[in-house]
Structure formats: structure tokens, C-alpha cells
Amino acid sequence: MTGAPALEVERLRVELEGEDVDIVDEVSFHVDAGEVLGLVGESGSGKTTVGLAVLGHCRRGARVAQGDVRIEGRSILALSPLERQALRGKLVSYVPQDPAAALNPALRIGTQLRETLSEHGFGASGDERRARIAEALGEVLLPSDDAFLKRYPHQLSGGQQQRVVLAMAFANRPRVIVLDEPTTGLDVTTQAHVLRTVRELCGAHGVAALYVSHDLAVVATLSSRVAVMYAGRIVEIGPKRVLFRASAHPYARRLVEAIPGLSGTHALVGISGSAPRPGHRPSGCFFAPRCSYAEDRCRTEFPPVTRVVEGHEVRCWEHERVLADSLAARPEAVHLPEVRAHESLVAARAVDASHGPRQVLFGVELVVRPHECVALVGESGSGKTTLARCIAGLHRDYEGQISFRGRPLPAGARSRDRETRREIQYVFQSPYTSLNPRKTIGQIIAQPLRLFFDLGGREAHIRAVDVLERVQLGVSVLQRYPHHLSGGERQRVAIARALVASPQLLICDEVTSALDVSVQAAIVDLLAELQRELGLGLLFVTHNLALIRTIAQEVLVMSEGRIVERGLVNEVLDHPRAQYTKKLLSDTPSLEAAMAASA
Amino acid sequence: MTDTALAIDAVPAGRSRPWVIVLAATWHQTRTKIGLAILLLLLAVAVFGPFFAPHAPDAGLTRPGGFLGGFEPPSDVAALGTDNLGRDVLSRFLWGGRSVLALSVLATLLGAVLGIAVGLLAAYSRGAMDDGLMRTQDVVLAFPQLVFALVLVATVGPQLWLLVFAVGITTMPRVARVTRAAAVEVVERDFVRAAEGIGVPRRQILFAEVLPNITSTLVVEVTLRLTFNIAVIASLSFLGFGLQPPAADWGLMINENRQGLLAGQPWGVVMPVVAISLLTIGTSLIGDGFARAAIGIERGRARE
């Protein structure tokens, strides 16, 4: 062991080019060999900027203004661009979020792996490099025969692609590796596998890893220490146990509270407001406007780094008061009412659906009753979205019967009458694509009013304002375009668009998967509240088992187009019967499991 | 239940519509300003020229002692000399722009409207409809623009509406292809599904949901088509399929005065040639400026 840690970042400041506006500032941390540091933050917190800076790289329009990045005592930023380039992939490597974008689609896997090695002069001969490729692929549990090496990226699954990228990143035996949300696009099972691989490789080869993620449960599973970023600053850093059990920063606490738990029955609590963007950050503590502990000093003076104990640092004036409060005092989840109605709102019987020649649903049965929330859980490709779309009339290629209030529902929204279309509303997964970027929020919300109620002008305006209030948005959004809003706000608009039609059945398709945890908590909370107050039937489609306990009474677990388990949420989560559900539960990263494992 | 009052009002208003931003970015580029200056100048010549023309376009010029001859060099009576039949080159030039401009703009509009409709419909309907529509377009595309117009005009006879029709029809498949390519990606987005789900009529989905998302691509394409059509219309006039003598028309002038180049009186050719070239340069500069603004190449400069 040498004196210098494998990776050391000191007072790093990255600015927007030509402007005196910082994206991140005063960022300091170190990672020892073989250690995984989790860097957690919500979108826009600057975590990716820090990750890239470790490679001596900045996105276009940004530059490192101050600070230093040292790898094994050697300053990266002092090097010339060419020297830095030579280090990347060799001394320090990077695993990006989207493996499909990281691999060259026109080159075979073997060629790309060979390039990585020969580019950095690894090994003396081709044989030696071939051996290393086989070894690297073996480490990520991929085959290394010629048939596999001759494949192109599109011939691999998402998980395989990400493991190839991991193999490339580890191929030259780097000292430091930066992983930027490498599992975001993957299924839980694949994710669990990739995480295990990362942990083993880092431990076995003494690689220092910086794991950038917005998912606290994932970070808890993987890393030993965690740094929490907020608005371009590290607000708290410390051992994982301390951070998740006794964090000293209010923001870190709120983040932890926003994580849905598999076993817990506590309510999800979102964080109100949104993080200030670069150039719009207040004086004093950046979190003060959203903080319940904030005092006068917090609003005027930027808090310094305070050491709570050795290895646990926090940037908060009031951390002693925060620490005095117990984290366990979270609000209990509202007890979900029992559903008494017997008649069904929507019922699907023996539904087989296809995408072209490929059948994706096999004899699926589903019932949602009025005032009831049914969760439909499954991994991508399980057919859950197809089922939801069949009901919503967006997917017409199915057989079997779907009935709505006892009457058969024609396939396809166009063949249904206006009332039926109004009563079934759908909220899409990504609010970034479900709102027309060329329309104002006002126009978007007015459309269903015109179509369903022939309303326009003053009357429509009143209803629009009303529904915006319901989703906790101000009137001022009416004039705005979607790109002016954050992801969470956009999703609220999408929900408002559905609510304004006064539906009986609301179908929510992965509505939180594109959002940050704190926003996710707020949206789920909002949906649960609306469902109770308006007595909606809710079909809540998600891949995240941890989310459903707070919102759904009943759950259907889907796998490969079939429903493998159904039952009351608490029963299924606590005593799963199907093998698939058990596997899904054990692969879902959760704070509790991670804490229990490390204890 | 929650205390989620969103800090939406903290976000700076920035209410300007997306296209205002693109237009501003277009205007901020030197190339657009030059292009616009050229285009406005030529528009002024074409539209207001006739009011300033010293002579009637089809009158033989006289001076004490009789008519001026053909291809006379510039003089007091004819500032730019005379053409093949002894008419004033300047006056004919000032009169001759309207037809080129009007015909090419009309033809481009016709082609654009048809092409956009076909492209949108093809992109949205997919399947057999898409194939049918686009293969039809390919058939039209297979005819060279000029040859197609020549065949039509040669069969029916030189009619102005036919000229517009011929050039418009051959513009259509080009616009249709670009429209379809741009719309195919937009059609897949969820807001189109959302509109379908609540039963927005198909026509409204095409023109109110999809079309506004591809306008910048289309503006670029249509200005490009206009540039080409100016040349095509001028060529057709030159070949005698446009306006008929004795009408004044830039394309026709070039044809009539070809001999003048050798006879030492080049102005009858030079003036319309320069005008047509400038016109195409002007429109393509504007189109280019808009394209850059739309893709954001000039984003940095446009922000000032």
C-alpha cells in the first residue's frame, strides 16, 4: 500500500465556458484501491460532470476551472490532452449509461475488445492479447469463443452489451474505473448480475471505483462509502451504514425517505420544490429553500465541511439538530381501503396479443374493480405494457375479450365511443415524449376538454386551472411549453391531461421510471391520493416491486407474456409463491437487504 | 398529504414560442442577412420594376431618324442597349422578373402542399398505404424534372398553369420523401399515441400534432426546392415553353439575346443571368441560415 489513495479529487470546480457559473464546485473525495464509492444525486446535481472530470474530460461548453484530480498521486489535469487520452482506458476507464451507444454498431465485439488492448500496447503478441480477451470476458461471465467474438453489438442483449463494455473497461487492468449509471436501462435480474460482477472485479483486482447513480438502493448494494451531491456540491460523505441509517444532512435524509422499500410499510415522501440550476443558486446553503431545518444563517452563509466523526463529513449548519432526530420517525403509509365492490370496472379474459408475428401475451386474465388499484409488475418484455395498451385501445392486435363495465370493449380507441374513450385514460412512461413539444401546457390540457365536453374558452380555462391545482401545479404553467418544465412537472401535466377527462379507469404505465427518486415518491403519492379521493380504478404498471406496497391492493406479476402470480400486495411481497416472483424480489436492490447483508 | 408546492414560478418565464427562437437564431447569421438583402432587392426589381421601366417592354425604340436596330450598345435612349428586335433591354429586364418569381413560387407551393400531405399520410399510416404512396412518388421521381415538364408542355402546349403543374408535381415526391423521413420518427412518440387514445381525428393528428414538429426540416426543404424550381422555370422559359414572345421574361430574354453575346451587346443576357443566379443564391442562403439555426450549429452565436 502506498500513501496516496488510488483516486483523489480535490476542490474540483467545473464551470460553463465563458461564464462565471459553476456546474460543480468544492468537490473533494478520495477512493482507495478495491473500494467502491457511490456518488449519489438527482438529475442535474452534477454527478456525471464529476465522473467525467475524473477522466480529465468535460462536456462541450464546460471546463475545469479549479482543483485537481490525482490517480495514484499523479495529477490528471496537469497532463496534455494527448497524454490524458493515452491514460483513458488504461489507467482509468469509463462505463457509460447506455451500452448500446458505447459500442460501435459496425464492428464485431472481438474487434472492439482487441482495439482496446492494442491501442494501449497491452501484451507483446496477438496470442497474449487473445488470452487477455478470453480472461476479461470470462470475468464478466460471457463466452469467449470465436462465434461470440464475431457477433455485432445488436446481436447481444442489453445485459450482455453492458457486460462487454465492463470487460472492455477492465481489459487493461485500470486502477480507477468510473461507472455512470451502468444499470439504469437494465432489468433487475440483469442489474443484480452486473452489480455483482462490478463488485467482484473491483475487489479482486484492487480497482478503485466511482459509481455514479441516482438509485440509492443500488448504491447501497454495491458501495462501501457514499457521497451525496446536491446542486453541484457534495453535501455529505461517509460510510454507507452511517449515511443510510444516521445521515446528518437534511437532503440526504429526505432522499433516503423517498426510497420505496420492499418490506417497509412507511409512506413515500417526496421532496418539494426543485434543485436550483447552475447560475440560479441562492446565497447560503443551496438546500435551505427546501429544508425544514433551515435557520437564518442557512440562507446567508454557505455551510463549510464539518467532520461528524472520522470519515463522515457533512455540509450543514444544523447537522447536530438533524442528527438528534431519529430517521426511523417516518410517516406510516396510509392504510389502503379494502375494495368491497364485486362488479368489475375492466376485465380481460384470455387475452392473447401479438406484435406482428410474435405473440407477446398468452391467455392473460385481469380484473380491476372501481376504487381499486391493481399493480401489474414485470420486467421489460414481459408484456405488461402491451396488456395496458390493449385495454387503453392503443394496441389492436389481440384476441380474447376485454370488457368495460360489463360491456365488451372494441379493440382500438377509434372504434370505441366517445364516452368509453373518456372513461379510460392512459398516462405514459416518459413525460419527455408524451407531451407535444410544440404545444403549450394550456393547449395540451384543453384538448380533452374540447373533445369530450365540447368545452372551450373561459369554461375550459376554469377546468384546466382546477385540474392543475389537483396535481399541484400553478396556473402559470398554462402558457409554458413542456421544455420549460422538469421531468416531474411534465409528468404532473400528463396526469392532469388524463384527469381532466374525468376518467373511471386510469392506466399508469411506468410513470415514474424516467424520474428521480424524490420526484417518483411525490408522483406515487399524488396518484394514490387522487385514486382515493376520486374513487378511480387504477392500473399501475411498473417494473419496480418496491413501489407498489404504498399504492396497490392487488398485484399481478407477469413474465414472458403470462401472469405467474396474483394476489394481495402484502401477501405476494411477504410470501411469494411463484419462483419468478421470488427471484424478482431477491434481485430488486433494496436498502434493507443491503444493510442486512453488510451488518 | 404532501407539501409539494412546486417552485415553478422560480423558473424564468421564457414564454417565447419555439419558432420565434429559431427565427431569431436564423436572423442572427450574416448569411441570412445577405440572402435576405439579395432576395428583397430582386423581389423589388420584379414587383416594382415595371413602374420604373423607361419604356414599354414590347415597344420598338425610336429616336429622331427612325427605329433603333437590334443589339445596339447602351445609349441615351436605351441605358443597357437594345435586344435582338431593337427593344429596350432595361425595360424588358424590369418587366421580366414577375413571371419567373410567380411561377416558381406557385409551383413550389403546389409541390410542397401535395408532398407534405403525402409524406405525413405515408409516415402515419405505415404498411400498405405507406408503400403504395411512396412507390408512386418514386415513379414520379424517376422522371427528370425538366424532361417531365418538357413532355407535358410539348403534348398539351405552352400553358402557364401547365408549367406550374408540371414543376409542382415533380417537386412533390422530393418534399414527400423528406416529410416522411422526418415524420416517421415523430409519429412514434407517445404524444401521438396519447392523441389517438382520446380520439383526436386523424387529420388533426397529422396537421396539428405531427406537422408542427417537423416544420424546420420542411422550411429548409421547401426553400431548397424553391431554389431549384427558379432554375427549372427559367430553363423552361429559355427553351420556349414558358411565356411566349413578345412577353418579357428573364428566361426568354436569355434565349432571344444569345446572339448579342457575339455581337458585342451582352446586356440582354447578362442582366437576367445575374438576376436568376442571385435569386437562387439568395434563397439558398436563407434556407441555409434557417437550417443552421434549426440544428443549432449557430447556437452559440445566436444566444447573444
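1. In which sense, parallel or antiparallel, do strand S3 and strand S9 of chain A pair, and over how many bridges? In this predicted model, strand S3 (residues 36-40) and strand S9 (residues 225-230) of chain A run in the parallel sense where they pair, and four bridges join them. Within this pairing, A:Leu39 has A:Ala227 of S9(A) as its bridge partner.

2. These two strands belong to a wider arrangement in chain A, an open sheet of eight strands in the order S6-S7-S8-S3-S9-S10-S12-S11, whose pairing is mixed. At the edges of the sheet are strand S6 (92-95) and strand S11 (306-309) of chain A, each of which pairs on one side only. On average, and with direction ignored, neighbouring strands of this sheet are turned by 20° against each other.

3. Chain A is also divided into domains, with domain 1 covering 248-335 and domain 2 made up of 346-433 + 503-598. The C-alpha centres of domain 1 and domain 2 of chain A are 33 Å apart, and the contact draws 15 residues from domain 1 and 19 residues from domain 2. On the side of domain 1 of chain A that touches domain 2, there are ten nonpolar residues, four polar and one charged.

4. In chain B, helix H4 (residues 97-125) and helix H5 (residues 127-142) pack with their axes 7 Å apart and at an angle of about 150°. Angles over 145 degrees count as roughly antiparallel, and H4(B) and H5(B) are therefore described in that way. The crossing of H4(B) past H5(B) is left-handed. Among the residues that make the contact are B:Val118 and B:Leu121 of H4(B), together with B:Leu133 and B:Met134 of H5(B), and by class the contact has six nonpolar, three polar and one charged residues.

Definitions and conventions:
Residues are numbered from 1 along each chain as its sequence is written. Chains are lettered from A and ligands numbered from 1 in the order in which they are written. This is a predicted model: local features need pLDDT of at least 70, side-chain atom pairs count only at pLDDT 80 or more; totals for chains, interfaces and linings use all residues. Domain bounds come from an automatic or database domain assignment. Two residues are in contact if their C-beta atoms, placed from the backbone, lie within 7 Å. Ala, Val, Leu, Ile, Met, Phe, Trp, Tyr, Cys and Pro count as nonpolar, Asp, Glu, Lys and Arg as charged, and the others, Gly among them, as polar. Two strands pair if DSSP finds at least two bridges between them. Axes are lines fitted to C-alpha atoms, for helices over the stretch in contact, and angles run from 0 to 180 degrees between N-to-C directions. Angles under 35 degrees count as roughly parallel, over 145 as roughly antiparallel, 65 to 115 as roughly perpendicular and the rest as oblique. A crossing is left-handed if the near helix is turned anticlockwise from the far one by less than a right angle, and right-handed if clockwise.
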